[in-house]
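I opened this notebook to record what I looked up, beginning with one helix and then turning to the aromatic rings.

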Amino acid sequence: MLVARNDAAHENLAEQFRSRNVRKIYLALVHGKMPRDSGTVTLPISRDPRRRTRMTARGRTGRHARTDWRVIARLDRCTLVEAVLHTGRTHQIRAHFAAIGHPVVGDTLYGAPRNLRAGTRNVPLLERNFLHAARIGFSHPSTGAWVEVRAPLPKDLRVYFEQIADCLGRRDAERVRTVLTARQNIDAALAPYL
């Protein structure tokens with residue numbers, strides 16, 4: 001969220017959003033293994049005609065929307081992705097990833113299972129969607145200098161990663177290596193977002 005300190009700054013920022021010059025980067029943990037390391041989703045988004053509380057990217061009509069994504073880490077049955085929004089449609093990330101068969105973890109409105117399995121166990125329930133606004137970049141309204149603001153990953157989402165790693169653990173050597181690798185991957189993947 002950006003807050004302008006005066007009317008001139010507000011108008012400038014509003015124009016940057018309108019002209020899509022604001023860079024919005026999110027982290028999302030999605031169900032399943034993404035088939036590639038990066039990609040783009042350009043499905044149009046519209047109101048779901050059956051469930052009016054949500055949007056859909058499965059129809060042929062709707063407003064243009066574009067989400068670029070890249071894999072940060074693959075963790076057993078889920079994938080941590082960085083999503084860059086080029087448009088700002090309502091529920092864009094949630095609708096796009098659900099439409100390509102990888103709903104956001106915790107997002108039951110868009111088809112995510114209530115539970116996430118890691119190894120042979122269920123990870124404790126996440127009481128929200130695993131979606132985080134990690135960075136926003138814009139031109140300063142007065143100076144024009146590029147400003148990028150980062151928001152660290154909230155504690156509850158960091159704890160959730162630890163719970164995934166714990167669920168992967170067992171006493172046998174292979175599982176211990178898997179857990180250690182998972183923890184190292186998680187730590188390395190999250191370093192720029194902490």
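**Helix α1**

I checked the length of helix α1 (residues 7–18) first: at 1.5 Å a residue its 12 residues should span 16 Å, and the end C-alpha atoms are 16 Å apart, which agrees. The expected span is 1.5 Å times one less than the number of residues, and helices are DSSP runs of H or I with at least four residues, strands runs of E with at least two, numbered from the N terminus.

The model is predicted, with local features needing pLDDT of at least 70 and side-chain atom pairs pLDDT 80 or more, while totals for chains, interfaces and linings use all residues. Residues are numbered from 1 along each chain as its sequence is written, and side-chain values use heavy atoms, leaving out hydrogens and water.

I then listed the buried residues of α1 (under 20% relative accessible area, exposed being over 50% and partly exposed in between, with a 1.4 Å probe and protein chains only), and found Ala9, Leu13 and Gln16. They cover an arc of only 55 degrees around the axis, taken from the directions from the helix axis to the C-beta atoms, which puts them on the same side of α1. The face turned away carries the exposed Asp7, Ala8, Glu11 and Arg18.

**Aromatic rings**

I searched the whole structure for aromatic pairs (Phe, Tyr or six-membered Trp rings with centres within 6.5 Å; stacked under 30 degrees between planes, edge-to-face over 60, the rest tilted) and found two. Phe130 and Tyr160 are tilted, 6.2 Å centre to centre with 50 degrees between the planes. Phe130 and Phe161 are edge-to-face, at 5.2 Å and 75 degrees.
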